[in-house]
Amino acid sequence: RIIAGSRILFPVAAPGALLAMGDLHALMGDGEVFQYGLETSGEVTVRVSVIKNAGIKQPTLYQDGKVMIVASAETYDDAIRLAIESMFDLLESHGWDRTEAGMLMSMKCNLAICQTVDPQVTVRAMLDEALL
C-alpha cells in the first residue's frame, strides 16, 4: 500500500532508533499467503522528520485519501484489537466522541489481513481520511 506520495508515521520507542527500508514488490496480494510477492528492484526517495509526541502507537499510513493503521501481533485477535484501538485513538485526537467514533468505525472502517507468513501476523484498519 505504500506508493509514491504516501505518508507514514512510525512510533519510535527507543532513543537513537534507526530506520531501514527494502523488500519492494511490484505486486503482492493482501495476506502474503505463501511468502512471495513479485519482487522488484527500485529506488525509494524519502523525507524523514521527527514529530515529537505524535501520539501514535502503531504505524499510520496516509495514502490516496485513506488513513490506515497497521498492527502486528502473535494472533489475529491481538493485531485486530491493536489496529482498532489505534483507530479509536486517532479519531479521538481529531475530536470524535468515543461512541460516535465506534459507530463510524462500524459503518466505514475496513479491516484486512496484510500478511500471515511471519511469526507475527499483520492487519490494517482503514478509513477515508476526509472523515478525520
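A residue is called buried here when its relative accessible area is under 20%, and by that criterion 7 of the 8 residues of strand 7 are buried, so strand 7 is largely enclosed by the rest of the structure. The views below all show a predicted model.

**View 1. The open sheet and its edges.** Five strands form the sheet, an open one of 5 strands that follow the order 1-4-5-7-6 with antiparallel pairing. Its edge strands are strand 1, residues 7-9, and strand 6, residues 110-115, each of which pairs on one side only. From one strand to the next, the twist averages 25 degrees.

**View 2. Strand 7 and its two partners.** Strand 7, which spans residues 121-128, runs antiparallel to strand 6 and is joined to it by 5 bridges, while the pairing of strand 5 with strand 7, also in the antiparallel sense, extends over 8 bridges. The connection between strand 6 and strand 7 is a hairpin through 5 residues. Across the pairing with strand 6, Leu 111 stands opposite Ala 125 of strand 7, and Ala 112 stands opposite Arg 124 of strand 7. In a regular strand the side chains alternate between the two faces of the sheet. Ala 73, for its part, has Val 121 of strand 7 opposite.

**View 3. Helix 1 against the sheet.** Strand 6 and strand 7 are joined by 5 bridges and run antiparallel. Helix 1, residues 76-93, packs on the sheet and touches strand 4, strand 5 (66-73), strand 6 and strand 7, and its direction makes about 145 degrees with that of strand 5. Within the view, Ala 83 is in contact with Ile 69, Ala 71, Val 123 and Ala 125, once its neighbours within four places in sequence are left aside.

**View 4. The largest nonpolar core.** Nonpolar side chains tend to be buried together in soluble globular proteins. The largest nonpolar core of this model has 19 residues, of which Ala 83, Met 87, Leu 90, Leu 91, Met 105 and Leu 127 touch the most other members. Two or more residues of this core are given by each of strand 5, helix 1, helix 2 (98-108) and strand 7. The largest share comes from helix 1, which supplies 6 residues.

**View 5. Charged side chains over aromatic rings.** The charged end of Arg 7 sits over the ring of Tyr 62, at 4.5 Å from its centre. In a second such arrangement, Arg 98 lies over the face of Phe 88, with a distance of 4.2 Å from the ring centre. Where pairs between aromatic rings are concerned, the count comes to 0.

**View 6. Gln 63 and Asp 64, a buried and an exposed residue.** Gln 63 is found in strand 4, and because its relative accessible area is 11%, Gln 63 is classed as buried. When residues up to four places away in sequence are not counted, Gln 63 touches Arg 1, Ile 3, Ser 6 and Met 68. Asp 64 has its place in the loop between strand 4 and strand 5, and with a relative accessible area of 68% Asp 64 is exposed. The phi of Asp 64 is near 50 degrees, which is a positive value in a residue other than glycine. Most residues other than glycine have a negative phi.

**View 7. Val 44 and Asn 53 in the loop before strand 4.** Val 44 is placed in the loop between strand 3 (38-39) and strand 4 (60-63), and Asn 53 likewise has its place in the loop between strand 3 and strand 4. Val 44 counts as partly exposed because its relative accessibility is 48%, a value that falls between the limits of under 20% for buried and over 50% for exposed. Asn 53, at 79% relative accessibility, counts as exposed. Apart from its neighbours within four places in sequence, Val 44 is in contact with Met 21 and Leu 24. Val 44 and Val 123 are 79 residues apart in sequence, and their C-alpha atoms are 24 Å apart in space. The phi of Asn 53 is near 55 degrees, again a positive value in a residue other than glycine.

Terms used. Residues are numbered from 1 along each chain as its sequence is written. This is a predicted model: local features need pLDDT of at least 70, side-chain atom pairs count only at pLDDT 80 or more; totals for chains, interfaces and linings use all residues. Side-chain values use heavy atoms; hydrogens and water are left out. Helices (H or I, at least four residues) and strands (E, at least two) are DSSP runs, numbered from the N terminus. Buried means under 20% relative accessible area, exposed over 50%, partly exposed in between (1.4 Å probe, protein chains only). Contact means heavy atoms within 4.5 Å. Two strands pair if DSSP finds at least two bridges between them. Axes are lines fitted to C-alpha atoms, for helices over the stretch in contact, and angles run from 0 to 180 degrees between N-to-C directions. A nonpolar core is a set of buried Ala, Val, Leu, Ile, Met, Phe, Trp, Tyr and Cys residues joined through side-chain atoms within 4.5 Å. Rings of Phe, Tyr and Trp (its six-membered ring) pair if their centres lie within 6.5 Å; planes under 30 degrees apart count as stacked, over 60 as edge-to-face and the rest as tilted. A charge sits over a ring if NZ of Lys or CZ of Arg is within 6 Å of the ring centre and within 35 degrees of the ring normal.
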